[in-house]
Amino acid sequence: MEERETLQRIVSTLVNKNDEIHNFIDMLNHTISNVQVNSSNAISELDEEFDGLYSVLHEMKGSMANTIQQEEARKIQALQDQLSQCSRALEGSEELLELAVQSLDIKNPVDLIEAARQIKDSVTVASAFRLSLKPKVSDSMTHMMVDFALEKRMLQAVKFLPVPKAPEIDVAACLIADNCITISWRMPEEDSRIDHFVLEYRKTNFDGLPRMKGEQHWEVVDYIKATQYTLSGLKFDTKYMNLRVQACNKAVAGEYSDPVTLETKAFVFSLDSTSSHLNLKVEDTYVEWDPTGGKGQEKIKGKENKNRSNVASPKRSTSSPRASARGGRDRFAGESYTVLGDTAVESGQHYWEVRAQKDCKSYSVGVTYRNPGKFDQLGKTNSSWCIHVNNWLQTTFSAKHNNKAKTLDIPVPDRIGIYCDFDGGQLSFYNASSKALLHTFRTKFTQPLLPGFMIWCGGLTVSTGLQVPSAVKTLQKSENGLGGSTSSLNNVA
């Protein structure tokens, strides 16, 4: 009924709105807690700054008082030296005065003349007549006075250090390519005191405002001098990424910018261990051939099949992409040492890479339609496409489809990149390091595709969460059989 559908939409809207409000309440509570903690920290830092200022003033006072005392000692010493000189000169002058007075009583003219001459000569060399009667230093100490009026005004004008304003992220200038994110920002107004910026980012599966609960921790990139930064080597294993920036001066960090949420599209899958060959050891995105893996397990599996109900289990009846990709497949058996990805390609352009161990004897990488036979091998059916590497005895490199092979007369790269354009009907293989084209299949895909891998004597590591490299996009535009091979095995499937 139309009313029921309307109510269901209303319920969905209310659930989403309540979720947003709960998230905002969590953010407010977290902010209140941060305000309390940060206020306590600010008071502690203020005490430290004033204690440091008091310490500097105390040291300056001691140093300046010591300078005054040294000046006092210097002046007193100079005056005492002058006083000693005056005392000695006065003593000599008084002796000459007494001798001159006594000489006045001499009656003999000859003796008087001689005494007068001697006294005159003594007066001529007497220190009393060479002595300066002006103090060498003054008693003034005004040159040791201070006036802190200017400093007082400066201290009275001291305010909290201006906090840098929050930067503004320029979303239009942000670039996402080759599993790199280049983020650009600007300051709302010029601030010459900015020393550096701090960039924080985290992965998320939610669009909109960052959430407080159930999210990963922020990753931090510190001491960025420019207003642009490139995060490289990222694995895009979530739908979005939150980013925010703050400006810092020499003493304090400003508020974070309004966070932005950028979409990080990429094809993410793991290897499906539930249907892989028993001789394969599978862990997430790594598969290794294990010759002892199937021993003693076939009997157990047979007993399980006898006890199993015909009713589908809840896990197999789910409609999730990964569960539907797995379906109810049997394990691969025989010489089909195969493992598939757990997520199907149903549209769009996707890219992943594979690295083989150096001692790997034989392996294939490619795609297949869902639900291949348990004995089917990649490239030997009309519903699978792959390139195959055989290092047994001598190395052979070939492209395979529908049990037909085309030899590739090029070196086998360390890493192979797989590009799938589902809607465009194209499957290309590249040297993942140089991005040189190895081979291209062209067809019309009529069913969802699963990444497929065959391995014998060795191991493969799969890298997912990768964007289609820019170099591959460029080659796709210009490809016309140049720099690689286009399959003569093409068909309409």
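The following paragraphs describe the sheets, the nonpolar cores and two helices of this structure.

The model is predicted, so local features require pLDDT of at least 70 and side-chain atom pairs count only at pLDDT 80 or more, while totals for chains, interfaces and linings use all residues. Residues are numbered from 1 along each chain as its sequence is written, and side-chain values use heavy atoms, with hydrogens and water left out.

Strands of a sheet pair through backbone hydrogen bonds, either parallel or antiparallel. Here, strands (E, at least two residues) and helices (H or I, at least four residues) are DSSP runs numbered from the N terminus, and two strands pair if DSSP finds at least two bridges between them.

An open sheet of seven strands follows the order β10-β11-β22-β13-β18-β19-β20, with antiparallel pairing. Because β10 (280–283) and β20 (437–442) each have a single partner strand, one side of each is left without a neighbour in the sheet. From one strand to the next, the twist averages 15 degrees; axes are lines fitted to C-alpha atoms, for helices over the stretch in contact, and angles run from 0 to 180 degrees between N-to-C directions. Within this sheet, β18 (residues 415–421) and β19 (residues 426–431) run antiparallel and are joined by six bridges, with C420 opposite L427 in β19. Helix α7 (residues 470–478) lies across β13 (349–356), β18 and β19, at about 125 degrees to β19.

A further open sheet has six strands in the order β12-β21-β14-β15-β16-β17, also with antiparallel pairing. Its edge strands, β12 (338–340) and β17 (404–407), each pair on one side only. β12 is joined by three bridges to β21 (residues 449–456), where M454 is the bridge partner of T338.

The largest nonpolar core has 38 residues, of which W352, V365 and F453 touch the most other members. Such a core is a set of buried Ala, Val, Leu, Ile, Met, Phe, Trp, Tyr and Cys residues joined through side-chain atoms within 4.5 Å, where buried means under 20% relative accessible area (1.4 Å probe, protein chains only). Strand β14 (residues 362–369) supplies the largest share of this core, four residues. Beyond its neighbours within four places in sequence, V365 is in contact (heavy atoms within 4.5 Å) with residues including V354, W385, F429 and F453. Another core, of 21 residues, lies apart from it and includes I183, Y201, A247 and L262.

Helix α2 (residues 109–125) has 17 residues, which at 1.5 Å a residue should span 24 Å; its end C-alpha atoms are 25 Å apart, which agrees. The expected span is 1.5 Å times one less than the number of residues.

Notes: Buried means under 20% relative accessible area, exposed over 50%, partly exposed in between (1.4 Å probe, protein chains only).
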